[in-house]
Amino acid sequence: MTDLSARARTLREVLALHNYRYHVLDDPTIPDAQYDALYQELQQLETLHPELLTADSPTQRVGAHARPGFTQVTHRIPMLSLNNGFLNSEIEAFDRRARESLGVDCVEYACEPKFDGLAVSLTYEKGLLVQGSTRGDGETGEEVTANLRTLHTIPLSLPIKNPPERLEVRGEVLMQKADFEALNIAQKARGEKIFVNPRNAAAGTLRQLDPALTARRPLSFFAYGVGALEGFALPATQGALMAQLALLHFPVAAECALVSGVEGLLAYFKRIQNARAALPYDIDGVVYKVNDFAQQARLGFVSRAPRFALAHKFPAEEALTEIMEIDVQVGRTGTITPVARLKPVFVGGVTVTNATLHNEDEVRRKDVHVGDTVWVRRAGDVIPEVVSVELGQRPVHAHAFVMPTHCPVCGSQVIREEGESASRCSGGLFCPAQRKEALLHFAHRRAMDIEGLGDKRVDQLVDGGWVHSSADLYGLTMEQLSQLPLMGEKSAENLIAAIQRSRTTTLARFIFSLGIRNVGEATARDLARQFGDLAPLMSASTEDLLQVPDVGPVVAQSIHDFFAEGHNREVIERLQQQGVHWPIHEASSTLPLSGKTFVLTGTLPHLSRDEARARIEVLGGKVAGSVSAKTHYVVAGSEAGSKLERAQALGVTVLDEAQLLLLLKQEHSPS
DNA sequence: GATCCTCGAGTTCT
DNA sequence: CTCGAGGATC
């Protein structure tokens, strides 16, 4: 190693250390001028000898160029969401479940503030920061490495000799209150956009395409966990992990603490609640995690949320405003929803003007009148909701809401079924509102994914009489589109191209796009997998449909009714004529167990229900809930009940676990 | 029959 | 995000 490269390396290490002392510890040990001198020395060295430049050099925080957009990244381990609790009783229930599941008298918890920012993930390979991404939907997020590199509190490399092969650090990016105020003053002085709250400012900054801009905005980072690991020895507890992250120079919140039992949790909550206003950043609650990782593993997950952690949230901020009007909206299924039009009010960080009142009963229950003064908040800090009415302030001219007897859009009768909370327009697809919503659903990103077909466009197409059903979309021409107002040549081209692209789709998307009542994305996928193609699904009896997992009598009836409707069959036929198609999923018809239906009953000695189900489904079999003549196998464990009796009565083959495993093995590797 | 869990549907604002 | 309701499980 030459003297120069040794010097460059020393400079990098010294600068990284002082950067850490300054930005993370807030305890610099050298004057700024001296830091600047060292920085310039390194910069000069790198300019003269570009071969000395490394990715983790402090001079490389801001990348050179703005890029056209962000790419998607799939998290190696999903970034989960947490269950929420507001009431002490909910916290007590959380602690009780943890104690009972673990069989202990008292659980130790790691507590931390719940930052009101954006969750991000930082991947270090061989000690170098190689990727930073947003949480996104938890499965996939956006790659924002260049922007995250500009945060001085994020290490570009790990300050250790033998770094792990891979370490993924997770934490929150946020803007501190003081930084937010200063930024807005500067923005105003420059005549630029004012941010409404620190969270939005942080989100907007992180999504800047030009990292140089991100670098000029003051973002902070706090670590609170890890994701994918290779060659990293995970400590035994959350508390120890936080200590280790701090050793690796990651900022961790000073408010982190270990407590015992529910009393400890509630005391911690109170302490942080009292300190909230004085904290340098916004928080919306605190987070409790079972401290011991082995205990965490035993508690496991419920769907996408861990059972070993809970977010204890502060009550949402509430504000007073007035109800100007109560309108109704017509949804895709004809649901008539009353909506409160509010006098604009700033609450929970945004200005709220609308709030749903859900249904007639809800309006009665809350006793909301037009003209009332009401308390409003953002439920879960997102969706506005009317909390209560200040009855004392009800003006004399206030009047109650009356559910219309006829649809405000098509004039059809409004019907409320016995036992249902929703009122519905009976117009079906005759109702333009329902037709529009149906088209929007059809074009939805998760359905046929026709980009550029938003509500404004659909309004034009339906109101102009160009499009009546989804099939009409495929007959649209450039000439027709160019007659529409506000439709340039380019956007017409784009729309036609998007419609063209959607002709090739998947069966699951197609089924979802039809908008069958009670059939959402998940059920559409199940149906596609079970039936393999559309024709068998269309001709399926309710009996056949009931064989599909998670399809019960109500869903089966909805599907059957939908395909019995002549108009629906006609639209489907026209769609196929127009070239809408999907690959027939060969896999499903050629898998060894496809078409075979299993029913599990009782407790198996080794496999859990979920494992058994997963193993059967991998080979194309389906697992149904109840035994019928169409069931091929019943797998019975100990304490099998009525299902076993029914299987014997119907003469269905009964397997025990060993026989099932044998069957799976044979089918898996047929000789 | 009670309880847990998942899915569907409607919804707000930027 | 939240509610309600459908389905599965005990």
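This report describes a predicted model of a protein chain with two DNA strands.

## Domains of chain A

The domain assignment splits chain A into domain 1 (2-60), domain 2 (88-312), domain 3 (318-400), domain 4 (428-501), domain 5 (507-577) and domain 6 (591-668). The centres of domain 1 and domain 5 lie 63 Å apart, taken over C-alpha atoms.

## A mixed five-strand sheet

One open sheet holds five strands. Their order is S2-S13-S10-S3-S9, and the pairing is mixed. Strand S2 (84-85) and strand S9 (257-260) stand at the edges. Each has a single partner strand, so one side of each is left without a neighbour in the sheet.

At the S2 edge, S2 runs parallel to strand S13 (residues 309-313), with two bridges between them. Asn84 has Ala311 in S13 as its bridge partner. A helix also covers part of this sheet: helix H9 (residues 261-275) lies across strand S3 (108-115), S9, strand S10 (283-290) and S13. The direction of H9 makes about 140° with that of S9.

## An antiparallel four-strand sheet

A second open sheet has four strands in the order S5-S4-S7-S8. Here the pairing is antiparallel. Strand S5 (128-134) and strand S8 (220-230) form the edges, and each pairs on one side only. From one strand to the next, the twist averages 25°.

Strand S4 (residues 118-125) and S5 run antiparallel and share six bridges. Val120 is bridged to Thr134 in S5. Two helices can be placed against this sheet. Helix H6 (residues 198-206) lies across S4, S5 and strand S7 (166-174), at about 40° to S4. Helix H8 (residues 238-247) packs on the sheet and touches S7 and S8. H8 runs at about 110° to S8.

## Strand S15 and its partners

Follow strand S15 next. Strand S14 (residues 318-330) and strand S15 (residues 335-347) run antiparallel and are joined by seven bridges. Glu325 has Arg341 in S15 as its bridge partner. The hairpin of S14 and S15 has four residues between the strands. In that hairpin, Gly334 takes a positive phi near 90°.

S15 also pairs with strand S16 (residues 350-356), antiparallel, over six bridges. Val347 stands opposite Val350 in S16. This hairpin has two residues between the strands, and Gly348 takes a positive phi near 60°. A further partner is strand S22 (residues 423-425), which pairs with S15 in the antiparallel sense over two bridges. There, Thr335 stands opposite Arg424.

## The surface near DNA strand B

S15 and S16 return at DNA strand B. S15, S16, strand S19 (383-389) and helix H18 (521-531) each supply at least two residues of the surface near this DNA strand. S16 gives the most, with four residues. There are 24 residues around DNA strand B, and Thr333, Thr337, Asn518, Gly520 and Thr523 come nearest. By class, the surface has eight nonpolar, eleven polar and five charged residues.

Which parts of DNA strand B come within 4 Å of the protein? Sugar or phosphate supplies 97% of those atoms, and bases supply the rest. Polar contacts to phosphate oxygens come from side chains and backbone alike. A polar side-chain atom of Thr523 lies 2.3 Å from a phosphate oxygen. For Thr337, an N or O atom in the side chain lies 2.7 Å from a phosphate oxygen. Glu521 places a backbone N or O atom 3.4 Å from a phosphate oxygen of the DNA strand.

## The surface near DNA strand C

Twelve residues surround DNA strand C. Ile383, Asp550, Gly552, Pro553 and Val555 come nearest. Of the atoms of this DNA strand within 4 Å of the protein, 91% belong to sugar and phosphate. Helix H21 (residues 553-564) gives the largest share of the surface, three residues. Counted by class, the surface has seven nonpolar, three polar and two charged residues.

Three residues place a backbone N or O atom beside a phosphate oxygen of DNA strand C. The distance is 2.3 Å for Gly552. For Val555, the distance is 3.3 Å. For Pro553, the distance is 3.5 Å.

Note on methods:
Residues numbered from 1 in each chain as written. Chains lettered and ligands numbered in written order. Predicted model: local features only at pLDDT ≥ 70, side-chain atom pairs only at ≥ 80, totals over all residues. Heavy atoms only, no water. Near = heavy atom within 4 Å. Polar contact = N/O pair within 3.5 Å; in protein donor to acceptor, adjacent residues only side chain to side chain. Nonpolar A, V, L, I, M, F, W, Y, C, P; charged D, E, K, R; others polar. Pairing = 2+ DSSP bridges. Domains from an automatic or database assignment. Contact = heavy atoms within 4.5 Å. Axes fitted to C-alpha atoms, helices over the stretch in contact; angles between N-to-C directions.
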